[in-house]
Structures are given as structure tokens and as C-alpha cells.
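Have your viewer ready and your selection tool at hand. This tour goes stop by stop, telling you what to select next and what you will find there.

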Amino acid sequence: MLAFITGATSGIGLATARIFAENNIDLILCGRRKERLQELEKELSQKVKVTLLSFDVSNRDEVKKAVDSLSSDCQNIDVLINNAGNAHGHASIQDGNLDDWDAMINLNVKGLLYVTKAILPKLLNKTRSEINKGQIINIGSIAGIDSYPNGNIYCATKSAVAMLSETMRIDLFKENVKVSEVKPGLVETEFAKVRFKNDDKKAKEVYQNYTPLTPKDIAELIYFVISRPAHVNVADVLILPADQAKTTLVNKR
Ligand code: NDP
Ligand code: 8X3
């Protein structure tokens, strides 16, 4: 099996790469930070075949160039994990920064679409007789179905991921390509550090006084989703810390 993972340099994507490698799945690992990709290659290439692609998912040309550069033995992709994504800023609509808005829409929505469009022909090209030609897992968020103050554009991008997952499933199920969405609640990663522009104090506070999910918790769920029998599609999963009931309801002690 061969998986293409975006956002593999950190958090959920990195943990997914690790769990896939443990389960003997070859990897195409993507992210902008080359050094991190190289470190991961060193770690995981003892177990499986690892290919690295460094590009910005929100740049159409870079996405196409990167995917076109894949060698002949990397064409038979079975699983696409559309994981790259972030929030930029945490401001009201009246105070929000247009560059942050562009960054989130370009990354979380357009980036997911550009990568999907580039990889899909490789899933569809497999022989028609296969019951399962492959699978796409989009990483959405509780934020796509449950808004919160200052979440505005980020929430809207994750709502778009939810609707795109559903519409992609409608378009692709007869082609034997499964589409799933995994929607996590609070997971301790570099997400808050990016949102708060490297303000470590603010970032740390997001995960304090309760037990957040770990990237491994999400990776284990993703592995569960991709390892079901061909006739089963775990289409849509919300996964929360036991300490969280809604975006704004966290049991802080
Ligand atoms: P991290 O910040 O730890 O990881 C984000 C990943 O996305 C990095 O590998 C980063 O790689 C990559 N990335 C960011 N921008 C770009 C870009 N322009 N081009 C290519 N890659 C990019 O966050 P998480 O692991 O938490 O986030 C992963 C996904 O999970 C996101 O879609 C996020 O919205 C979602 N999510 C996170 C939750 C949380 O609480 N943490 C909860 C719900 C959903 P690099 O910088 O090297 O390019
Ligand atoms: C990330 C979780 O609640 O910070 O999607 O938006 S939240």
C-alpha cells in the first residue's frame, strides 16, 4: 500500500506517517520544511519506502510540479490524506487580517482541492475490476460544524471541508474511491503556535488544565479508517477529548 500525506512535518500528519510505517505502508510525505521531512525519512525509511515532496499546497503550480515529479514506482497511490491545514490569527470579523484570511482559504480549501485534483487520476487509473481503487481522507474539524468566537474564517474553511468531503463522496463512490472525513476536537500540536504567530504563552494556554487529544489518537483513528474491508467506508467521524463536549465547552480544572 502507498499513502500520500500532506502536512507530514508536524502534529497529526507526522503521527499518521509513523503509524502507517509501523503497518508497512509506503509513504509519500509532504510539507514545506525540508529538514523535517528529511529527519522523518531517516526515521521511517528503515521500515518502509519513503519519498519526500516539499511544496506549498496553496500554490497550484508547485502542487502540479511536485506530483508530476513522482517516479514511476510512486504512481500507484492507494490513500490520500489531505491533512495540511492551519488557523492563522484569532480575531473578530471586524478586526481580522485579510492576509490571514487569504492564507486560511488558500491552504485549508484551495490547497486540499489542488492536491486532490492532482492525485485523483492516479486513484482512478487503477483497473476497473478493483472493488476499492483507493481512499481519500480529509481532515476537517469540530470547528466546521460548531462555531466559536473569533473562529470565523477558520470555521468557514472547515465547513467547506465538510461539504467538500460529502460532495467528493457523491462524485467518487461509483468510481470505487472512498471519501472520508475525520473531524478532531482539540489536539495538542503546533496548531496553536501557528494560530498565535509563535506566541508560545498563548499557544500553551490552549492545551492547559484539561487533557487534549494527542496526534497519535488521531493517527490511530485514521489508520482504523483506511484498514477497513473494501466494502466498508467510515465516512465521517467526530473525535473529541473526553474533556470536550463542544468547541466552547471544555472541562478546565
Ligand atoms: P500542525 O501545525 O502541527 O501541522 C500543520 C501541517 O500542515 C504541518 O505539517 C505544515 O507543514 C503543513 N502546512 C501548513 N501550511 C502549509 C502549506 N501552505 N503548504 C503545505 N503544507 C502546509 O497542525 P495539526 O497537526 O494540528 O493540523 C493538521 C490538520 O488538523 C489541519 O488541517 C488542522 O486544521 C486539523 N485540525 C487540528 C486540530 C487541532 O486541535 N490541532 C483540531 C481539528 C483539526 P509545513 O509548515 O512544513 O509546510
Ligand atoms: C482546531 C480545533 O477548536 O481550535 O480545528 O478550531 S479548534
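## Stop one: ligand 1

Select ligand 1 and its surroundings: 29 residues surround this ligand, and the closest are Gly-7, Gly-11, Arg-32, Gly-85 and Thr-189. Helix H1 (11-22) and helix H6 (191-195) are the elements that give two or more residues to this shell. A residue counts as near a molecule if its C-beta atom, placed from the backbone, lies within 6 Å of it. Helices are DSSP runs of H or I with at least four residues, strands are runs of E with at least two, and both are numbered from the N terminus.

Before you go on, a word on conventions: this is a predicted model, in which local features need pLDDT of at least 70 and side-chain atom pairs count only at pLDDT 80 or more, while totals for chains, interfaces and linings use all residues. Residues are numbered from 1 along each chain as its sequence is written, and chains are lettered from A and ligands numbered from 1 in the order in which they are written.

Now colour the shell around ligand 1 by class: you should get 11 nonpolar, 13 polar and 5 charged residues. The scheme takes Ala, Val, Leu, Ile, Met, Phe, Trp, Tyr, Cys and Pro as nonpolar, Asp, Glu, Lys and Arg as charged, and the others, Gly among them, as polar.

## Stop two: helix H1 and the turn after it

Which helix gives the most to the shell around ligand 1? Select H1, which supplies 3 residues. The end C-alpha atoms of H1 are 17 Å apart, in agreement with the 16 Å that its 12 residues should span at 1.5 Å a residue; the expected span is 1.5 Å times one less than the number of residues.

Of those 12 residues, 9 are buried, so H1 is largely enclosed by the rest of the structure. Highlight Gly-11, Ile-12, Gly-13, Leu-14, Ala-15, Thr-16, Ala-17, Phe-20 and Ala-21 to see the buried set. Here, buried requires 20 or more other C-beta atoms within 10 Å of the residue's own, exposed means 12 or fewer, and partly exposed lies in between, with C-beta atoms placed from the backbone.

Step on to Asn-24, in the loop between H1 and strand E2 (26-31). Asn-24 has a positive phi of about 70° although it is not a glycine. Is Asn-24 buried or exposed? Asn-24 has 9 other C-beta atoms within 10 Å and is therefore exposed.

For a companion, jump to Asn-198, in the loop between H6 and helix H7 (200-206). Asn-198 is not a glycine, yet has a positive phi of about 70°. With 9 C-beta neighbours inside 10 Å, Asn-198 counts as exposed.

## Stop three: ligand 2

Select ligand 2 and its shell, made up of Ser-141, Ile-142, Ala-143, Gly-151, Tyr-154, Leu-186, Phe-191 and Thr-247. By class, this shell has 5 nonpolar, 3 polar and no charged residues.

## Stop four: helix H5 and its partner

Next, select helix H5 (residues 152-172), with 21 residues. From first C-alpha to last, H5 reaches 30 Å, close to the 30 Å expected at 1.5 Å a residue. Its buried residues are Ile-153, Tyr-154, Cys-155, Thr-157, Lys-158, Val-161, Ser-165, Met-168 and Leu-172. These pack against helix H4 (98-124), strand E5 (134-139) and strand E6 (177-184). Two residues are in contact if their C-beta atoms, placed from the backbone, lie within 7 Å.

Add H4 to the view. The axes of H4 and H5 come within 9 Å and cross at roughly 10°, with axes fitted to C-alpha atoms over the stretch in contact and angles running from 0 to 180 degrees between N-to-C directions. H4 and H5 are therefore roughly parallel to each other, a label for angles under 35 degrees. By class, their contact has 10 nonpolar, 2 polar and 1 charged residues.

## Last stop: two residues to click

Click Ala-162 in H5. Beyond residues up to four places away in sequence, Ala-162 touches Gly-140, Gly-144, Ile-145 and Glu-181. The C-alpha atoms of Ala-162 and Gly-140 are separated by 6.3 Å, although their positions lie 22 residues apart along the chain.

Finish at Leu-124 in H4. Leu-124 is partly exposed, with 14 other C-beta atoms within 10 Å. Its contacts, leaving aside neighbours within four places in sequence, are Lys-133, Glu-175 and Val-177.

How values were computed:
Angles under 35 degrees count as roughly parallel, over 145 as roughly antiparallel, 65 to 115 as roughly perpendicular and the rest as oblique.
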